[in-house]
Amino acid sequence: MVTPRAAVVAVAVVAVVGAGATPARAGELTFLGPAREISHSSSASRDTALPALQLGPHRVLTGGAEAALAALPAGGVTWRLGFFGMLELESEGETTAWAPFPQADIRFWRGHYGYAVAASLDRLAARWCDGCAVEATLSARHESEHYTGANDGGPGTDYSDRPHVGNYLMLDVAARRPLGAVELTARVQYRQFLPGQSGWAEAPGADLIARWRRWPRLHPFGSAFGEYAFGTRGFPDAYRVRVLIGVMLPSPRGDLQLYVSGDVGHRQGLAVFTEERALGGGVRLAFW
């Protein structure tokens, strides 16, 4: 088994933060709460830090959390200092059995963590409409990709030709607007990788999410995410598009998401050289 180059800090721990919290008054510093005004938990991106089980075609197990360490509303803007951490395990092949538990080889895993400063433009959003939100977030993150070798102690597979994500800065801008019972969220993001530390140079991406809040106990939703990563240091470009369609079961603690998924493009982590089209499905838990 390859030893990680950097330790992954507490990413497998599921954090439940902000439940039942009341809005802070202007100038009041608070600790531990939602990392963003516009939650990232409904994004179709695989880089979404929450507990999840993707059943197929590849089994993917995810654990993680994203939370604000501190928040300060001032001058019509709420500032949040946040932490992001996740650990993802993925099978190289497809799921081979479904009962009593999904079975597949677990060869690949990713550790992903970092910090962020988010600015929610509360006063501007309130002028736009009731329930609207506008937010910009600047993140500094690190991602390491690794694999698990044979249990019999045989020689490992050489993945030294694969591009690594490494360290990068990411700016994303998001907006949320309700249209009747439908809540629309759009996000654009741009990742700039540090020179000489990654197989990628830059990667623009975008999110689009629709959630229908017609019924109190069942919210149909659709989510689409796309990203294009420009290779550097001799590595090729990579792209991915992912769509989720399903339902959310809301509760005071968060949402249970049941979905079917469609993926087009390159896989993530050490499997990035594989380009495929795949249908799957799974479950995710999004805590407030």
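Salt bridges come first: this structure, a predicted model, holds 19 of them. I will go through three.

Take Arg80 and Glu37. They form a salt bridge in which the closest N and O atoms are 3.4 Å apart. Arg80 lies in strand S4 and Glu37 in the loop between S1 and strand S2 (52-56), so this pair ties together parts that are 43 residues apart in sequence. How buried or exposed are the two partners? Arg80 has a relative accessible area of 12%, so Arg80 is buried. Glu37 has a relative accessibility of 31% and therefore counts as partly exposed.

The next pair is Glu88 with Arg110. Here the closest N and O atoms are 2.9 Å apart. Glu88 sits in strand S4 and Arg110 in strand S5, so the salt bridge ties together parts that are 22 residues apart in sequence. Glu88 is buried, at 2% relative accessibility. Arg110 is buried too, at 3%.

The third pair is Arg240 with Glu227, with the closest N and O atoms 3.2 Å apart. Arg240 lies in strand S11 (residues 238-251) and Glu227 in strand S10 (residues 219-231), so what gets tied together is 13 residues apart in sequence. Both Arg240 and Glu227 are buried.

Some salt bridges share partners. They join Arg46, Asp47, Glu88, Glu90, Arg110, Glu143 and Arg267 into one network. You have already met Glu88 and Arg110 as a pair.

Now the chain as a whole. How many helices and strands does it have? There is 1 helix, and there are 13 strands. Read from the N terminus, the order is β-β-β-β-β-α-β-β-β-β-β-β-β-β. The chain has 288 residues, of which 46% count as buried. Among contacts with a separation of 6 or more, 64% are between residues 24 or more positions apart. The exposed area of the chain is about 14100 Å², and 63% of that comes from carbon and sulfur atoms.

On to single residues, starting with Ser223. Ser223 is in strand S10, and its relative accessible area is 2%, so Ser223 is buried. Which residues does Ser223 touch, leaving aside neighbours within four places in sequence? The contacts are Ser42, Ser43, Ala44, Leu208, Ile209, Arg242, Val243 and Leu244. Two of these involve the polar side chain of Ser223 and a backbone atom. One polar atom of that side chain lies 2.8 Å from the backbone oxygen of Ser42. On the Ala44 side, the backbone nitrogen lies 3.0 Å from a polar atom of the Ser223 side chain. As for Ile209, its C-alpha is 4.3 Å from that of Ser223, while the two residues are 14 apart in sequence.

Gln189 belongs to strand S8 (residues 182-193). With a relative accessible area of 10%, Gln189 is buried. Not counting residues up to four places away in sequence, Gln189 touches Met170, Leu171, Asp172, Ala203, Pro204, Gly205, Phe225 and Glu227. Glu227 is the residue we saw in the salt bridge with Arg240. Gln189 and Val173 are 16 residues apart in sequence, and their C-alpha atoms are 6.5 Å apart in space.

The last single residue is His142, in strand S6 (residues 133-147). His142 is buried, at a relative accessible area of 7%. Which side chains make polar contacts with the side chain of His142? One is the side chain of Ser144, at 2.6 Å. Another is the side chain of Asn167, at 2.7 Å.

Next, the surface. A nonpolar patch of about 890 Å² is made by Leu29, Phe31, Leu32, Leu69, Leu72, Trp79, Leu81, Tyr115 and Val117. Which elements give two or more residues to the patch? They are strand S1 (30-34), strand S3 (60-74), strand S4 (77-90) and strand S5 (108-121). Tyr115, for example, is found in strand S5.

To finish, a word on confidence. The mean pLDDT of the chain is 87, and 86% of the residues reach 70 or more. Where does pLDDT stay under 50? That happens over residues 1-22, for which the model has 43 contacts beyond four places in sequence. Where pLDDT is low, predicted coordinates should not be read in detail.

Definitions and conventions
Residues are numbered from 1 along each chain as its sequence is written. This is a predicted model: local features need pLDDT of at least 70, side-chain atom pairs count only at pLDDT 80 or more; totals for chains, interfaces and linings use all residues. Side-chain values use heavy atoms; hydrogens and water are left out. Patches are made of residues with over 30% relative accessible area and no salt bridge: like charges are joined within 9 Å, nonpolar side chains (Val, Leu, Ile, Met, Phe, Trp, Tyr) within 5 Å. Accessible areas come from the Shrake-Rupley method with a 1.4 Å probe; for residues, only the protein chains shown count as cover. A salt bridge is a side-chain nitrogen of Lys or Arg within 4 Å of a carboxyl oxygen of Asp or Glu. Helices (H or I, at least four residues) and strands (E, at least two) are DSSP runs, numbered from the N terminus. pLDDT is the predictor's confidence in each residue, from 0 to 100. Contact means heavy atoms within 4.5 Å. Buried means under 20% relative accessible area, exposed over 50%, partly exposed in between (1.4 Å probe, protein chains only). A polar contact is a pair of N or O atoms within 3.5 Å; within protein, one must be able to donate a hydrogen and the other to accept it, and residues adjacent in sequence count only if both atoms are side-chain atoms.
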